[in-house]
Amino acid sequence: MEDTNSPATEQCSKAWCKRQLLPDAKYRICDHCRECDQQTKRAQRACNAEIKDRDMWAIGKKSKRPREDVVGDERTNIRQRIEGEEPYNPVSSEDEDDSSDSIEVFDKGEALFDSIRSKFRTRSDVVFKGVYEALDDPLVTAKQQVEMAAQEVWRVTGYRFTVKDHKKQKLGHRTRFWCSQDSACKKKSKISGDLNIKSCDNIGMTRLRTITVKIEHHAKHVHYVDVSLPLGAADIIQEHVEWLTPVAMVAKVQAAYPGVTAAQVHKAWTDMSQLFWHHDDLQLPSAKKLLEEFTDTVDIFLPNSIPDGVDIQCWGMRKIAVPLEGKIVEVGINATYNTNSKHLELYSIMAEYDNAGFPISYALLSTATSIEQGKRKKALTAWAVCLKDKYAVNPVFTHIDKDMAEIGMAKEVWKTKINLCWWHLRCAV
């Protein structure tokens, strides 16, 4: 028999918790889950208070340092502030602590940046406030002047900084920066949309502009390494881009600039050399236009019976193949694999004569959009027929890497003996 008067027991309302609640429970959550929620909220409040304290301390609204006893938050507090103001007035400054803190006055900017360099070399915790006067150039805005000062600070300290905000001022410009290695203040970079520089024809009289630099940096971390390509290295690549290969270029550039990597040289060489070989956004039309510029040294083939959806561009090396007409006994056929983002395959035919190898023909082939069976063999056969008719190539032996399309082409066009590459045999069989 069932006791209909006994109260029904309920489970904790948390989906992952299966604990039973007491009949007279005040809450629909068990005591264990309530304790976990309270601990999470306490940790969140402590974290928010830590972040608020850091921000307020960084802008000078609090004199105390941020708390370091917050559980679960061990982020290093790294702050950098670079401010440019015009004119400079310590009493009327927007920061409340400017009137109480001493600010060093320098005659020239070089002296100020030398002082910053010295402090960063000898200390791990740096607090610096300095001011100097520079000539007021009407062609240079206050914001640009601040950016130039920031670049100089980056150079002398060895660190890099990201922009936090641009504070509005009645006169001049002010920018605050965070250290780029401060994990607590990371944010996505933004590209400024206003790149116009206002200028005036009348330069006017010479005036002075006051530059104020304030720095607070509390952790001596690894210095920033500039990985950009030096202008001198770019000039060397530009001067020899038409005559040197990337490998030879690397040795030449690194002799003058040891810090430049081979990847940087190769990327710069690729970008600069596009002027000589990039003729179209599509690769096959670009290759055809390039070959048409060298009709005195190459013969462009026009193969017949190409399957639908197959694109092929093939040519012969005239100055090499013509002297070898009727003398070729052995040829080797090979192709690149999975080296092109546009599904292009590069095939080559190498002829042997007097124990030396000579490239006599190449073909660029794409079969990505074709659904016809035997498409690759038919395209390669049409290419081999052009080569045979143009240069009387009829070898006795053909060396192949076990590609069935190449084997079928060689048997159909030349009726030749097939020799398979031993290395490919061991890898494929």
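**Exercise 1. Find what covers the buried residues of helix H10, and work out how enclosed H10 is.**

Solution. Start with the surroundings: the cover over the buried residues of H10 includes strand E9 (330-335), E10, H9, strand E12 (397-400) and E13. Keep in mind as you look that this is a predicted model.

Next, pick out the residues concerned. The buried residues of H10 are Ala-405, Glu-406, Ile-407, Gly-408, Met-409, Ala-410 and Val-413. To count as buried, a residue must have under 20% relative accessible area.

Now draw the conclusion. Helix H10 spans residues 404-413, and seven of its ten residues are buried, so H10 is largely enclosed by the rest of the structure.

**Exercise 2. Trace the open sheet of seven strands and give its order.**

Solution. Begin with the order, which is E7-E8-E11-E10-E9-E12-E13, with mixed pairing. The edges are strand E7 (298-300) and strand E13 (417-420), each of which pairs on one side only. From one strand to the next, the twist averages 25°.

Then zoom in on one pair. Strand E10 (residues 345-353) and strand E11 (residues 356-366) are antiparallel and share nine bridges. As one marker to look for, Leu-346 has Leu-364 in E11 as its bridge partner.

Finally, add the helices. Helix H7 (residues 283-292) packs on the sheet and touches E7, strand E8 (311-317) and E11, and its direction makes about 25° with that of E8. Helix H9 (residues 375-391) lies across E7, E8, E10 and E11, and runs at about 140° to E11.

**Exercise 3. Locate two residues other than glycine that have a positive phi, Asn-355 and Ala-392, and decide how exposed each one is.**

Solution. First, a reminder of the background: most residues other than glycine have a negative phi.

Take Asn-355, whose phi is positive at about 60°. Asn-355 sits in the loop between E10 and E11. Its relative accessibility is 77%, and the cut-off for exposed is over 50%, so Asn-355 counts as exposed.

Turn to Ala-392, where phi is near 55°. Ala-392 belongs to the loop between H9 and E12. With 46% relative accessibility, Ala-392 counts as partly exposed.

**Exercise 4. Describe how helices H2 and H3 pack, and sort the contact residues by class.**

Solution. Set up the geometry: helix H2 (residues 109-122) and helix H3 (residues 142-157) pack at an angle of about 35°, and their axes are 9 Å apart. Their crossing is right-handed.

Now list who takes part. H2 contributes Phe-113, Ile-116, Arg-117 and Phe-120, while H3 contributes Ala-149, Glu-152, Val-153, Arg-155, Val-156 and Thr-157. Sorted by class, the contact has six nonpolar, one polar and three charged residues.

A general point helps in reading such lists: an α-helix has 3.6 residues a turn, so residues three or four places apart point the same way.

**Exercise 5. Follow strand E5: what does E5 pair with, and which way do its residues point?**

Solution. Start with the partner. Strand E4 (residues 161-167) runs antiparallel to E5, and six bridges join them. Thr-162, for instance, has Trp-178 in E5 as its bridge partner. The hairpin of E4 and E5 has six residues between the strands, and there Gly-172 takes a positive phi near 75°.

Then look at the two faces. In a regular strand the side chains alternate between the two faces of the sheet. In E5, Arg-174, Arg-176 and Trp-178 point one way, and Thr-175, Phe-177 and Cys-179 point the other way.

Last, check burial. Six of the six residues of strand E5 (residues 174-179) are buried, so E5 is largely enclosed by the rest of the structure.

**Exercise 6. Find out how many residues of strand E3 are buried, and which strand runs parallel to E3.**

Solution. Strand E3 (residues 126-136) is mostly covered, with eight of its eleven residues buried. Strand E2 (residues 104-106) runs parallel to E3 and is joined to E3 by three bridges. Val-105 stands opposite Val-131 in E3.

To place these details in the whole, the chain has eleven helices and 13 strands. Of its 429 residues, 36% count as buried.

Definitions and conventions: Residues are numbered from 1 along each chain as its sequence is written. This is a predicted model: local features need pLDDT of at least 70, side-chain atom pairs count only at pLDDT 80 or more; totals for chains, interfaces and linings use all residues. Side-chain values use heavy atoms; hydrogens and water are left out. Axes are lines fitted to C-alpha atoms, for helices over the stretch in contact, and angles run from 0 to 180 degrees between N-to-C directions. Helices (H or I, at least four residues) and strands (E, at least two) are DSSP runs, numbered from the N terminus. A crossing is left-handed if the near helix is turned anticlockwise from the far one by less than a right angle, and right-handed if clockwise. Contact means heavy atoms within 4.5 Å. Ala, Val, Leu, Ile, Met, Phe, Trp, Tyr, Cys and Pro count as nonpolar, Asp, Glu, Lys and Arg as charged, and the others, Gly among them, as polar. Two strands pair if DSSP finds at least two bridges between them. Buried means under 20% relative accessible area, exposed over 50%, partly exposed in between (1.4 Å probe, protein chains only).
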